[in-house]
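Q: I am new to this structure and would like a close look at a single part of it. Please take me through that part slowly, and then through what lies around it.

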Amino acid sequence: MDRYFSVDYAGAREKFLDAAKATGAKVWQFEHPLTGPEGEALGTDIAWLGSLAARNIVVAGSATHGVEGFCGSGCQTGFLLENWGSRLNTNTALVLVHANNPHGFAHERRVNEDNIDLNRNFIDFDAGRPESPGYADLHPALVPEDWDGQARETADAAIAAYIDREGMPTFQQVTSRGQYTHPDGMFYGGLGPSWSRRTIESFAREHLGHAEHMGIVDFHTGLGPRGYGEIIGRGAAGDPQYERTVAWYGSEVRSAAVGDSASVRLNGTIDFGYRRACPNAQQTAITLEFGTLPLEVVHDAIRADNWLYAKGGGSDSRLFAAIKSDIRAAFYGEDSQWKADIWARGQQIVEQALAGVNG
Ligand SMILES: [Zn+2]
C-alpha cells in the first residue's frame, strides 16, 4: 500500500484521478485560481462511488490542513484502487473529496493561500467573528521579527514564561482555538468564507442536499501518539450526534467538549459547512487525527512556517528548505510503518462510517 501514498501534491492528485478513472467513479474538478510551487495547476477533485441518488452518504475528505493531505490522499486513492464502490448497497455512496485546501497541500503549508486555517473558517460570519481572548498578547512572541538572534530569544522567553505561568493546555487553547484579528498570525480563521469553503459548500448544496444520513470523516495529522488515529467527535454525552458517534465507532471516541481529546474545542470546522449546505441530513462528523511527532515539535514547525511567510520572505529565505522539511515531517510520517498504520485505521473507520449511515 506504500504506492497509494505520494511525495508531493501533483503526484497525489494524479494518483487519485487515475484511480478514480480506473474504477469508473464520477468525478468533479474545481480549479483553484492559483498555482503550486512549480507552476502546476491546483484543484479540489471529488470522486463519487455508488449511486448518485443514494440517501446514505459518507464523505471522506483530505487536506483541510494542506500539508496534512498526504495521509488522507493515500487512503482515498486506496479506496479507489481497492474498488470500494463494489461494497456499497444501492442506497449508499462514498464521496472522496481530494484536497479541501489544495494550495496548502501543494505548498506544504497547513494554511490556505490567505494564511487561513480552513478548520477555523466554517463559522457563521454573519453572527460576528468570535473573540480570541489572550491571543493578541501572545502574537508578537508567536510571530517574531526574526527567526534567529535577539528577537527570537526574546520571543521564546516570553512563550516559556507564559507556559510556566498558565500551563501547556492553556497555551494550546489560546493559540490554536482560532483567532480572527491577526491575518499574519497563527490559526487565523479569516474574515469571510475562503475559496475552499465556497467550493465545498456549493458542491454539497448541489449534490448532497438529498442525503438523509451523512457521515463525515475528515483526515488530519499532527496530534496524538505516532501512527494512532484518534476519533474526534462533536459535542458530549446527551448530544444526539455524540451518542451516534459512540454507537458507530465505539468507546475510543474522544471529544474536546468532553475534555479527553488531543484537540482543543473548535467552532469553524468543515462539518459546519456540510451542515449548513445539507440541513435535512442527520449528520455524524468526526475528525480522524493521526499522530506524527510530539506536540511541541509540531507546534514549533507550524510557528516556523507561519514566520517564514509572515516575516521571512517565503521561498527567498535562507531558512526555507529547513523550515519546509520540518513542517513536512510534522505532518507526514513517511516510513512504511506509519503508512501501514494509517491505511489500516483509515479502512476501519470508513467501514464503520458506511455501516453507521445504514443504521
Ligand atoms: Zn489538521
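Which residues are buried in helix α6 (residues 168-176)?

A: The model is a predicted one, and what follows should be read with that in mind. In helix α6, which runs over residues 168-176, the buried residues are Phe171, Gln172, Val174, Thr175 and Ser176. The cover over these buried residues includes the helices α4 and α5, together with β5 (213-226) and α10 (295-310). Just after α6 comes Gly178, which takes a positive phi of about 110 degrees.

Two of the residues just named, Ser176 and Gly178, are also among the contacts of Arg120, a residue placed in the loop between α3 and α4. Arg120 has a relative accessibility of 5% and therefore counts as buried, the cut-off for that word being under 20%. When its neighbours within four places in sequence are left aside, Arg120 is in contact with Ser176, Arg177, Gly178 and Tyr180, and also with His65, Arg110, Phe187, Gly189, Leu266 and Gly268.

Among the elements that cover α6 are α4 and α5, and these two helices also pack against each other. Helix α4 (residues 135-142) meets helix α5 (residues 149-166) at an angle of about 140 degrees, and their axes are 8 Å apart. Because of that angle, α4 is oblique to α5. On the side of α4 the contact is made by Leu138, Ala141 and Leu142, while α5 contributes Ala155, Ala158, Ile159 and Tyr162. Sorted by type, the residues of this contact comprise seven nonpolar, no polar and no charged.

Helix α1 (residues 9-23) offers another view of how a helix can be buried. This helix has 15 residues and reaches 21 Å from its first C-alpha to its last, close to the 21 Å expected at 1.5 Å a residue. Its buried residues are Tyr9, Ala12, Arg13, Phe16, Ala19 and Ala20. Seen down the axis of α1, these buried residues fall within an arc of 140 degrees, so they line one face of the helix. An α-helix has 3.6 residues a turn, so residues three or four places apart point the same way. The buried residues of α1 pack against β1 (26-35), β2 (41-50), α2 (69-81), β4 (92-98) and α3 (102-106), whereas the face turned away from the buried side carries the exposed residues Glu14, Lys21 and Ala22. Just after α1, Gly24 takes a positive phi of about 80 degrees, and a positive phi is likewise found at Gly178, just after α6.

Technical notes: Residues are numbered from 1 along each chain as its sequence is written. This is a predicted model: local features need pLDDT of at least 70, side-chain atom pairs count only at pLDDT 80 or more; totals for chains, interfaces and linings use all residues. Side-chain values use heavy atoms; hydrogens and water are left out. Axes are lines fitted to C-alpha atoms, for helices over the stretch in contact, and angles run from 0 to 180 degrees between N-to-C directions. Helices (H or I, at least four residues) and strands (E, at least two) are DSSP runs, numbered from the N terminus. Angles under 35 degrees count as roughly parallel, over 145 as roughly antiparallel, 65 to 115 as roughly perpendicular and the rest as oblique. Contact means heavy atoms within 4.5 Å. Ala, Val, Leu, Ile, Met, Phe, Trp, Tyr, Cys and Pro count as nonpolar, Asp, Glu, Lys and Arg as charged, and the others, Gly among them, as polar. The expected span of a helix is 1.5 Å times one less than its number of residues. Buried means under 20% relative accessible area, exposed over 50%, partly exposed in between (1.4 Å probe, protein chains only). The arc is that of the directions from the helix axis to the C-beta atoms.
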